[in-house]
Amino acid sequence: MARILSDYGMVLVLVALCVLFSVLTIEEQAPSGEEAAERLLGRIERRCETTDTILVVGAERKDSADLAKRLGPRLADAGFRSARTVVGTPRDLRLALDALQADGRALAAIVTAGDVAKWRILERIPETHPSLAGYALLVPESYRWPNFLKRKNLEAVVDRIVVIAVIAIGMTMVIITAGIDLSVGSLIALSAVIGTVVMKYLGGLDASPWAVVVGFLAGTVACGLVGGFGGSMVAWFKVPPFITTLGIMMMARGLAFLITGGFSVYQVPKALSWLGQGRSLGIPNTVLLLAVLYVLAHIFMTHTRLGRYIYAVGGNEQAARLSGVPVKSVTVFVYVVSGLAAGLGGCIQASQLNTGTPNMGVMFELYVIAAVVVGGTSLAGGSGRILGTLIGAFIISVIQNGMNLLGMESYTQQVVLGGVILGAVLLDRLRTGSGLGALLQKQFNR
């Protein structure tokens with residue numbers, strides 16, 4: 001049992017959280033999109049004649065508008081020649097009703113979704129348009145389903161963690177060596193700013209897609225060099241990682257503001273949004289990139305000599321040095337990887353927002369560290385898993401998303417997330433046999 005909890009504990013926690021938020025967010029749902037259009041078309045065909053007058057109504061900028069635009073052409077194809085589509089406000093519906101009443105035509109049905117069904121004008125039709133009062137109101141039949149498990153919400157859960165999860169790959173390696181990197185949030189901004197500025201000078205709005213590639217490379221490589229500088233300070237000059245990366249965090253953020261003068265960069269090519277907002281094979285490009293990166297990182301950490309060296313340095317630096325492990329080179333390497341990961345994260349966020357701004361990545365370093373620790377990587381170094389970090393990132397995202405769906409205030413969310421981080425650290429201490437766990441074990445052995 002202890003082995004199962006050790007190997008799959010975080011997976012079980014993630015599953016439990018998903019089940020919990022699924023149960024707590026069950027609500028009445030109405031079909032939308034193609035599904036709703038198909039169901040309503042079937043009901044109309046069973047209830048109405050092709051010569052009947054039917055109004056398909058949608059509220060502007062609401063789900064019912066999409067339904068009306070889908071259903072109107074379908075009714076025309078099915079032979080309902082007197083079907084009319086009205087998308088707009090209650091005033092537009094009233095004008096359509098006035099026209100029907102003036103023509104002396106009977107209204108067989110009004111077809112719409114839930115938001116329009118609440119319009120008061122429908123309740124007053126017997127008073128304002130008595131000749132049309134015999135109509136049938138047809139809306140999609142509702143069913144109970146968790147808001148958490150909606151496709152759009154699940155995509156939002158993944159989209160929320162993409163940048164954090166990418167950066168967490170490098171952070172996991174750093175923490176396994178018993179280090180820490182507080183600069184990743186600022187490096188996000190630095191990478192995004194450098195990348196978009198390069199794109200601007202390569203043509204801006206009219207630049208080719210290659211300008212995006214060059215900009216991404218420039219931003220990512222620049223952050224990798226910054227990471228290498230920090231790693232050199234830690235490895236060769238023995239400056240504590242906390243102090244080193246704290247200083248770099250401030251310097252990188254300042255450089256981001258200096259490069260842009262404090263303004264955002266909007267003169268970017270249209271191709272910039274492909275990575276952060278585009279899809280391939282129906283799957284968001286960011287999700288595909290995340291999957292590839294984690295597979296490669298997992299293989300690297302579990303099946304390469306350098307991966308084993310990283311664990312060795314974190315487990316016992318002195319023993320690793322005596323065993324022939326190039327400790328300093330390994331230390332520099334993990335900070336370079338952390339910088340590169342942060343740079344790539346900045347490129348992704350710039351692509352998602354279609355701009356580069358020096359305000360990006362604020363507080364991201366804390367969420368990244370939280371994902372790594374919650375995923376089971378020990379702050380003491382020497383242990384941790386890349387895939388565990390991915391699970392940790394999902395746990396953080398699921399908790400945030402679930403609290404948003406439940407309408408919890410941002411302050412309450414901060415308290416909960418802080419408690420989750422402290423709980424993860426406590427579990428780490430208990431698992432490694434220190435703190436309360438060691439005390440209880442000593443008392444038990446007496």
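User: Happy to look at this one with you! How many aromatic pairs does the structure hold?

Analyst: Glad to help; keep in mind that this is a predicted model. Ring centres have to lie within 6.5 Å to count as a pair. On that basis, the number of aromatic pairs in the structure is two.

User: Let's take Phe21 and Phe148. Is their pair stacked, edge-to-face or tilted?

Analyst: The ring centres of Phe21 and Phe148 are 6.3 Å apart, and the planes meet at 35°. Planes under 30 degrees apart would count as stacked and over 60 as edge-to-face. An angle of 35° fits neither class, so the pair of Phe21 and Phe148 is tilted.

User: How many residues apart are Phe21 and Phe148, and which elements hold them?

Analyst: Phe21 belongs to helix α1, residues 2–24. Phe148 sits in the loop between β6 (143–146) and α8 (151–176). The pair thus links distant parts of the chain, and the separation is 127 residues.

User: Are Phe21 and Phe148 buried or exposed?

Analyst: The cut-off for buried is under 20% relative accessible area. Phe21 falls in that class, and Phe148 does too, so for both the word is buried.

User: Nice. What is the angle between the planes of Phe300 and Phe333?

Analyst: Phe300 and Phe333 form an aromatic pair with 5.9 Å from centre to centre. This pair is tilted, and the angle between its planes is 40°.

User: Which helices does the pair of Phe300 and Phe333 tie together?

Analyst: The two rings belong to parts of the chain that are 33 residues apart in sequence. Phe300 lies in residues 285–303 and Phe333 in residues 327–353, so the helices tied together are α13 and α16.

User: And is Phe333 buried, partly exposed or exposed?

Analyst: The relative accessible area of Phe333 is 27%. Buried needs under 20% and exposed needs over 50%. The value lies in between, so Phe333 is partly exposed.

User: Moving to the surface, which element gives the most to the nonpolar patch?

Analyst: The patch covers about 390 Å² and is made by Val11, Val15, Val19, Val23 and Ile26. One of these, Val23, has its place in helix α1. With four residues, the element that gives the most is α1.

User: What is the relative accessible area of Val23?

Analyst: Val23 is one of the residues making the nonpolar surface patch. Val23 counts as exposed, which calls for a value over 50%. Its relative accessible area is 52%.

User: Let's go inside. How much space lies in the largest cavity?

Analyst: Searching the whole structure for cavities of 30 Å³ or more turns up one. The space in the largest cavity is about 50 Å³.

User: Which element gives the most to the lining of the largest cavity?

Analyst: The lining consists of Asp181, Ser183, Leu187, Val226, Gly227, Gly230, Thr245, Ile248 and Tyr335. The elements giving two or more residues are α10 (209–237) and α11 (241–260). With three residues, the one that gives the most is α10.

User: How far apart in space are Val184 and Phe242?

Analyst: Val184 is found in helix α9, residues 184–201, and counts as buried at 0% relative accessibility. In sequence, Val184 and Phe242 are 58 residues apart. From C-alpha to C-alpha, their distance in space is 12 Å.

User: Now the charged side chains. Which helices are linked by the salt bridge of Arg74 and Glu38?

Analyst: The structure has eight salt bridges in total. In this one, Arg74 and Glu38 meet at 2.4 Å, N to O. Arg74 is partly exposed at 22% relative accessibility, and Glu38 is partly exposed at 44%. The two residues are 36 apart in the chain, and their helices are α3 and α2.

User: By about how many helical turns are Arg151 and Glu155 separated?

Analyst: Arg151 and Glu155 form a salt bridge with the closest N and O atoms 3.3 Å apart. Both are in helix α8, four residues apart, so their separation is about one helical turn.

User: Which residue joins Arg151 and Glu155 in a network of salt bridges?

Analyst: Arg151 is exposed at 62% relative accessibility, while Glu155 is partly exposed at 27%. The network links these two with Arg279.

User: One last pair: where is Lys238, the partner of Glu317?

Analyst: The closest N and O atoms of the salt bridge between Glu317 and Lys238 are 3.7 Å apart. Glu317 is in helix α15 (residues 317–322), 79 residues away from Lys238 in the chain. Lys238 itself lies in the loop between α10 and α11.

Notes:
Residues are numbered from 1 along each chain as its sequence is written. This is a predicted model: local features need pLDDT of at least 70, side-chain atom pairs count only at pLDDT 80 or more; totals for chains, interfaces and linings use all residues. Side-chain values use heavy atoms; hydrogens and water are left out. Rings of Phe, Tyr and Trp (its six-membered ring) pair if their centres lie within 6.5 Å; planes under 30 degrees apart count as stacked, over 60 as edge-to-face and the rest as tilted. Buried means under 20% relative accessible area, exposed over 50%, partly exposed in between (1.4 Å probe, protein chains only). Patches are made of residues with over 30% relative accessible area and no salt bridge: like charges are joined within 9 Å, nonpolar side chains (Val, Leu, Ile, Met, Phe, Trp, Tyr) within 5 Å. Accessible areas come from the Shrake-Rupley method with a 1.4 Å probe; for residues, only the protein chains shown count as cover. A salt bridge is a side-chain nitrogen of Lys or Arg within 4 Å of a carboxyl oxygen of Asp or Glu. On a 1 Å grid over the protein atoms alone, a cavity is a set of points where a 1.4 Å probe fits but cannot get out, and a pocket is an open set with protein on both sides within 12 Å along at least five of seven lines; lining residues have an atom within 4 Å of a point. Grid points are joined across faces, edges and corners, and a volume is the space filled by probe spheres set on the points.
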